[in-house]
Amino acid sequence: QVQLVESGGGLVQAGGSLRLSCAASGHTVSIYTMAWFRQAPGKEREFVAASYWSGDSTHYADSVKGRFTISRDNVKNTVYLQMNSLKPEDAAVYYCAAGLMIPVSTTPARYSYWGQGTQVTVSS
């Protein structure tokens, strides 16, 4: 089993920055890929960014490319999402997810474990 806990959400003005953290615990040695998704009220959960647990390969949604950066600290078993130049349309609940034996995927159903989510609000 793997447990994921997100933190770092909050209120920020448009154009500002925020860094989200996702701390993993449990059987973390089984993690193969990590990803961030977000879900706004009344909308479907959408892919944001993903990275392999080891290696340098990353993948971003077109809507956040150039503004968001996914990174990790394997010693701390923590994945981060640095969000810069935030826009009102970025407001959502952000979730981290862990895949066990899958390549990087943009499909939520492919991931085995999810955090509880952290709220990001962007004011204009």
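Tutor: A residue is called buried when its relative accessible area is under 20%. The model discussed here is a predicted one. Arg 67 may serve as a test of the term.

Student: Is Arg 67 buried or exposed?

Tutor: Arg 67 has a relative accessible area of 12%, and the limit for burial is 20%, so Arg 67 counts as buried. Its place is in the loop between β6 (58–60) and β7.

Student: Which residues is Arg 67 in contact with, leaving aside its neighbours within four places in sequence?

Tutor: With those neighbours set aside, the contacts of Arg 67 are Gln 82, Met 83, Asn 84, Ser 85, Leu 86, Lys 87 and Asp 90. Tyr 80 offers a separate reading by distance: Arg 67 and Tyr 80 are 13 residues apart in sequence, and their C-alpha atoms are 14 Å apart in space.

Student: How should the pairing of strands be read, and in what order do the strands of the open sheet of four stand?

Tutor: In general, the strands of a sheet pair through backbone hydrogen bonds, in either a parallel or an antiparallel sense. In this structure the open sheet of four strands has the order β1-β3-β8-β7, and its pairing is antiparallel. β1 (2–7) and β7 (68–73) stand at the edges. Each of these two has a single partner strand, so one side of each is left without a neighbour in the sheet. From one strand to the next, the twist averages 20 degrees.

Student: How many bridges join β7 to β8?

Tutor: Six bridges join β7 to β8 (residues 78–83), and the two strands run antiparallel. Ile 70 has Leu 81 in β8 as its bridge partner.

Student: Which strands does β4 pair with?

Tutor: β4 is joined to β5 by six bridges, in an antiparallel run. β4 also pairs with β9 in the antiparallel sense, over seven bridges. Individual partners can be named for both pairings: Thr 33 has Tyr 52 in β5 as its bridge partner, and Phe 37 has Tyr 95 in β9. The hairpin of β4 and β5 has six residues between the strands, and in this hairpin Gly 42 takes a positive phi near 75 degrees. As to burial, β4 is mostly covered, with six of its seven residues buried.

Student: How many disulfides does the structure hold, and where in the chain are the joined residues?

Tutor: The structure holds one disulfide. This disulfide joins Cys 22 to Cys 96, with an S to S distance of 2.0 Å. The pair links distant parts of the chain, since Cys 22 lies in strand β3 and Cys 96 in strand β9 (residues 92–99), 74 residues apart. The link of Cys 22 and Cys 96 is right-handed, with 60 degrees about the S-S bond.

Student: Are Cys 22 and Cys 96 buried or exposed?

Tutor: Cys 22 counts as buried at 1% relative accessibility, and Cys 96 is buried at 0%.

Student: How is empty space inside a model found, and which residues line the largest cavity?

Tutor: The general idea is that rolling a probe the size of a water molecule over the atoms shows where empty space is left. Here the structure holds one cavity of 30 Å³ or more, and the largest cavity has a volume of about 40 Å³. The residues that line the largest cavity are Met 34, Ser 51, Tyr 52, Trp 53, Ile 70, Ser 71, Arg 72 and Val 79. β5 (46–52) and β7 each supply at least two of the lining residues, and the largest share, three residues, comes from β7.

Student: What does Tyr 113 touch, leaving aside its neighbours within four places in sequence?

Tutor: Tyr 113 is found in strand β10 (residues 113–114). Beyond those neighbours, Tyr 113 is in contact with Gln 1, Val 2, Leu 4, Cys 96, Ala 97, Ala 98 and Leu 100. Tyr 113 and Val 2 are 111 residues apart in sequence, yet their C-alpha atoms are 6.6 Å apart in space. With a relative accessible area of 17%, Tyr 113 is buried.

Student: Where is Thr 28 found, and what does it touch?

Tutor: Thr 28 is found in the loop between β3 (18–26) and β4 (33–39). Not counting residues up to four places away in sequence, Thr 28 touches Val 2 and Asn 77. Thr 28 has a relative accessible area of 11% and is therefore buried.

Terms used. Residues numbered from 1 in each chain as written. Predicted model: local features only at pLDDT ≥ 70, side-chain atom pairs only at ≥ 80, totals over all residues. Heavy atoms only, no water. Buried < 20%, exposed > 50% of the residue type's maximum accessible area, 1.4 Å probe, protein only. Contact = heavy atoms within 4.5 Å. Disulfide = S-S within 2.5 Å. Pairing = 2+ DSSP bridges. Axes fitted to C-alpha atoms, helices over the stretch in contact; angles between N-to-C directions. 1 Å grid on protein atoms, 1.4 Å probe; cavity = no way out; pocket = protein on both sides within 12 Å on 5 of 7 lines; lining within 4 Å. Points joined across faces, edges and corners; volume = space filled by probe spheres on them.
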